Amino acid sequence: MNAALDTLRRDFGGAVIEPGAPEYAAASRSVLVTGSPAYVLRPESTGDVRAGVAFAAASGLVLSVRGGGHAFAGFGTNDGGVVLDLSGLDAVEVVDKDRHLVRIGGGATWGQVVDALAPHGLAISSGDTRSVGVGGLTLAGGIGWKVRKHGLALDNLVAAEVVTADGQVVRTGAEEHPELFWAIRGGGGNFGVVTAFEFAAHPTTEVFYGKIAFPPAEAAAVLQGWADHLRTAPEELTSIVELASPLAGGPDAPVEVRVAVDGDDPALAARALDPIRALGTVIADDVTLRPYADTLVEGLTPPPGIRLVTRNGFAGGASLSEVLRVLAGTAARPGSPFIAVRAVGGAVARVPADATAYAHRQAEVMVVTTVAGPQPVVEAALPGLDALWDELGPHVGGAYAAFLASAAEEDVAAIYPDRTYGRLAAVKRRYDPDNLFSRNHNVRPDQTR
């Protein structure tokens, strides 16, 4: 250990933060989870990342790689190990104006990206929160307000710079290390540290964005009508229905249909939104034309002692009506979790199923449930949450890694179907045979299904 630490201090140009340092308390935690790592390393270059990876490998300590640090499962920190905090690698640069190619550091956040690209009239399909990291969201998928028109964030990735477990710097794309490129698009942080992403951005305009709200008693009709509309609506429309918000009354909360229409044409917006307004009794409607950057909200850091439990699954086809019926009934009962139903489809579904490691292309919606509060409150709510998912179980399938608070074997199995997992394991054996990168929804190099 001493030799490894001496080598780190010689080769690492960034900050090495240890317990007792003034900045340790803030550096040791991710957004949602508090940890107590032995070392937090803040690299300033790709060379520093190589040195940090080498130190973790030589010391035998568990390694966490932190981009934005928003993982519900707390992957961005640990107890007694090494945290590689990429926040210093946050440059955003338009490298080819004609092709709209953008190079983004592995520690950048989507807020930094939208602010940097706005003066160029460009955007990248991303998530919906400014402080979420580009890395974690892209490696898992990337479902946000442009997803039906422009696909997942990872669908817009054209190349990446990756530091692998053996300290090599690999450029990967369709022609260079193509299996690694396939794997990082959906396979999470299993294969190395992505120090830079290259995206194909697209020209953007202002967008119609806001929420249309209905009384809670109309939840069943609104949900079904909304899902029916999304099957034929313009792909410029992306939408989320939110039910039982604990901040707005739980079972008495209005049904809020959040919408974004990717374009500034009022006729297009009317074609996309008027059928939603006709679904019931509109009690609020604040949809306006605004900059795309304004659709990304600020992320919140919960106070100490607050735990968040998220679960999700995909649905579509003939089973969707039953899923929506169950959700509407649950939302009306005391103790309901916060429920969000996110529309996908569109551009996501047009990508071949085996083109990337993201395996759930044909889903129409993603159902997400969230329970939050002090530990006793969450523990009391878990039986009801389990009962809900038991009822949904026959009608949903798969899972989205970015909205899971756990990383058990059953979670990994839901994220990666057998065929996908087998291909990922082969890539893992090549680039990380000793499973150095294990703080994730882990693909084990020695495991097959």
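Modeller: A cavity is a set of points, on a 1 Å grid over the protein atoms alone, where a 1.4 Å probe fits but cannot get out. The structure holds three cavities of 30 Å³ or more. This is a predicted model: local features need pLDDT of at least 70, side-chain atom pairs count only at pLDDT 80 or more, and totals for chains, interfaces and linings use all residues. Residues are numbered from 1 along each chain as its sequence is written, and side-chain values use heavy atoms, leaving out hydrogens and water.

Biologist: What is the volume of the largest cavity, and which residues line the largest cavity?

Modeller: Its volume, the space filled by probe spheres set on grid points joined across faces, edges and corners, is about 50 Å³. Lining residues have an atom within 4 Å of a point; here they include Ala140, Gly186, His360 and Tyr416.

Biologist: Why does Gly186 count as polar?

Modeller: Ala, Val, Leu, Ile, Met, Phe, Trp, Tyr, Cys and Pro count as nonpolar, Asp, Glu, Lys and Arg as charged, and the others, Gly among them, as polar, so Gly186 is polar. The lining of the largest cavity has nine nonpolar, two polar and no charged residues.

Biologist: What makes the second largest pocket a pocket?

Modeller: A pocket is an open set of points with protein on both sides within 12 Å along at least five of seven lines. The second largest one has a volume of about 410 Å³. Of its 21 lining residues, Arg311, Trp389, Leu404, Ser406 and Asp411 lie nearest its centre. Strand E17 gives the largest share of this lining, six residues. (Strands, E, of at least two residues, and helices, H or I, of at least four, are DSSP runs numbered from the N terminus.)

Biologist: How do you know that strand E13 (residues 237–243) is mostly covered?

Modeller: Buried means under 20% relative accessible area, with a 1.4 Å probe and protein chains only, and seven of E13's seven residues are buried. Leu237, Ser239, Val241 and Leu243 are on one side, with Thr238, Ile240 and Glu242 on the other.

Biologist: Why are E13 and E14 called paired?

Modeller: Two strands pair if DSSP finds at least two bridges between them. E13 and E14 (residues 255–261) have six, in the antiparallel sense, so they meet that rule. One bridge joins Ser239 to Val259 in E14. E13 also pairs with E18 (residues 338–343), antiparallel over four bridges; there, Arg342 is the bridge partner of Ile240.

How values were computed
Buried means under 20% relative accessible area, exposed over 50%, partly exposed in between (1.4 Å probe, protein chains only).
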